[in-house]
Amino acid sequence: MDISIVVPLFNEDESLPHLAEWITRVMKENNFTYEVLMIDDGSKDGSWGVIERLAAENPCYKGVKFRRNYGKSAALNVGFTHAQGDVVITMDADLQDSPDEVPELYRMIKEDGYDLVSGWKKKRYDSKIAKNIPSKLFNATTRRMSGIKLHDFNCGLKAYRRDVVKSIEVYGEMHRYIPVIAKWAGFGKIGEKVVQHRKREFGTTKFGMNRFINGYLDLMSIMFISKFGKQPMHFFGTVGSISGLFGLISLTVVIILRLTHVISLTRSVWFYLSMLFLILGVMLFLAGFLGELICRNSSTRNQYLIEKELLNK
């Protein structure tokens with residue numbers, strides 16, 4: 001199979017028929033063998049009914065419905081699990097991503113040899129204050145911290161070599177950082193393509209301003225996990241050793257000064273600082289050991305309650 005298109009969605013029953021018609025036309029024009037995986041993230045409208053109808057009309061359309069809303073990362077992770085195409089394309093369901101971009105994204109993966117190609121919505125139709133300016137700051141920070149030269153990390157329109165989506169795990173709200181996760185998994189050839197950004201035709205955006213606060217917290221998490229997730233002792237042990245060594249040396253000096261009657265032990269601020277650094281060092285060192293024991297996160301982290309499936313093989 002040439003292409004798997006993964007579409008995470010939440011309350012998009014108005015846009016889905018138009019998106020499906022558009023995707024089908026593009027696939028037929030380019031003679032692609034394909035599947036479209038629509039992951040319903042607990043919609044409360046008629047989205048699942050639309051997916052059922054699409055699957056009945058065209059066997060290339062498949063669906064998974066969550067019993068409740070888990071978030072975009074969960075939907076993408078389930079879509080990646082079921083994807084069978086050589087190239088996996090992700091796009092949002094709100095018609096702001098253009099399926100006409102798919103053939104070139106596919107070519108960049110297959111012919112140019114990219115592991116991942118991320119869309120760049122160079123010209124946007126979102127609010128400048130609410131979305132554009134915060135997005136620019138967010139992307140600039142992520143570029144600097146990750147070393148990946150992308151303009152738009154959070155663009156929903158991306159293309160992946162199949163090996164990439166089968167090798168990474170997306171959870172929480174980490175969908176913003178899939179290029180970073182892919183890089184740390186060993187897939188370093190990451191490209192970018194300017195893509196069309198369209199105005200929303202139906203409904204309203206499902207993302208609030210809190211996504212920017214959560215975004216920076218998630219960035220800190222993914223950078224730490226990427227570097228130290230498998231070996232937390234390398235971080236906690238190093239910091240703990242430095243803190244403990246500083247505390248031990250300081251305490252030794254303070255005791256020597258006390259024995260020579262230079263200072264009073266209980267009245268010296270250095271005595272308390274030395275004890276603080278020594279205790280802190282021991283605690284961090286123990287945290288490193290505990291981290292090593294539980295470095296494999298909960299086995300239920302990516303288990304979701306699925307209400308219905310349409311996954312014809």
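This report walks through the sheet, the helices on it, an aromatic contact and the cavities of a predicted model.

## The sheet

Start with the backbone of the fold. Eight strands make up an open sheet with mixed pairing, and the order across it reads E7-E5-E6-E4-E1-E2-E3-E8. Which strands stand at the edges? Strand E7 (190–194) and strand E8 (306–310) do, each with a single partner strand, so one side of each has no neighbour in the sheet. From one strand to the next, the twist averages 15°.

## Pairing from E7 to E4

If you want to trace the register, begin at the E7 edge. Strand E5 (residues 116–120) runs parallel to E7, and five bridges link the two. One handy anchor here is serine 118, whose bridge partner in E7 is glutamate 192.

On the way to E4, the sense flips to antiparallel: E5 and E6 run that way and are joined by three bridges. Leucine 116 has tyrosine 160 as its bridge partner in E6. E6 also pairs with E4 in the antiparallel sense, this time over four bridges. In that pairing, threonine 90 is matched with lysine 158 of E6.

## Helices on the sheet

How does H3 sit on the sheet? It lies across strand E1 (3–9), strand E2 (34–40), strand E3 (61–66), strand E4 (87–90), E6 and E8, and it runs at about 150° to E2.

Helix H4 (residues 102–110) packs on the sheet as well, touching E1, E4, E5, E6 and E7. The direction of H4 makes about 140° with that of E4.

## An aromatic link between H9 and H10

The model has five aromatic pairs. One of them joins phenylalanine 246 and phenylalanine 277 in an edge-to-face arrangement, with 4.9 Å centre to centre and 80° between the planes. Phenylalanine 246 belongs to helix H9 (residues 233–259) and phenylalanine 277 to helix H10 (residues 269–293), so the pair ties together parts that are 31 residues apart in sequence.

## Cavities

Now for the empty space. Rolling a probe the size of a water molecule over the atoms is what reveals where such space is left. How many cavities of 30 Å³ or more are there? The count is two, and the largest has a volume of about 80 Å³.

That largest cavity is lined by 14 residues, and the ones nearest its centre are Lys72, Leu76, Thr90, Cys155 and Gly156. Helix H3 (72–82) and strand E6 (158–161) are the elements that give two or more residues to the lining. As for chemistry, the lining of the largest cavity splits into seven nonpolar, four polar and three charged residues. Thr90 is worth a second look, since this residue turns up both by the centre of the cavity and in the bridge to lysine 158 of E6.

Terms used: Residues are numbered from 1 along each chain as its sequence is written. This is a predicted model: local features need pLDDT of at least 70, side-chain atom pairs count only at pLDDT 80 or more; totals for chains, interfaces and linings use all residues. Side-chain values use heavy atoms; hydrogens and water are left out. On a 1 Å grid over the protein atoms alone, a cavity is a set of points where a 1.4 Å probe fits but cannot get out, and a pocket is an open set with protein on both sides within 12 Å along at least five of seven lines; lining residues have an atom within 4 Å of a point. Grid points are joined across faces, edges and corners, and a volume is the space filled by probe spheres set on the points. Ala, Val, Leu, Ile, Met, Phe, Trp, Tyr, Cys and Pro count as nonpolar, Asp, Glu, Lys and Arg as charged, and the others, Gly among them, as polar. Two strands pair if DSSP finds at least two bridges between them. Axes are lines fitted to C-alpha atoms, for helices over the stretch in contact, and angles run from 0 to 180 degrees between N-to-C directions. Contact means heavy atoms within 4.5 Å. Rings of Phe, Tyr and Trp (its six-membered ring) pair if their centres lie within 6.5 Å; planes under 30 degrees apart count as stacked, over 60 as edge-to-face and the rest as tilted.
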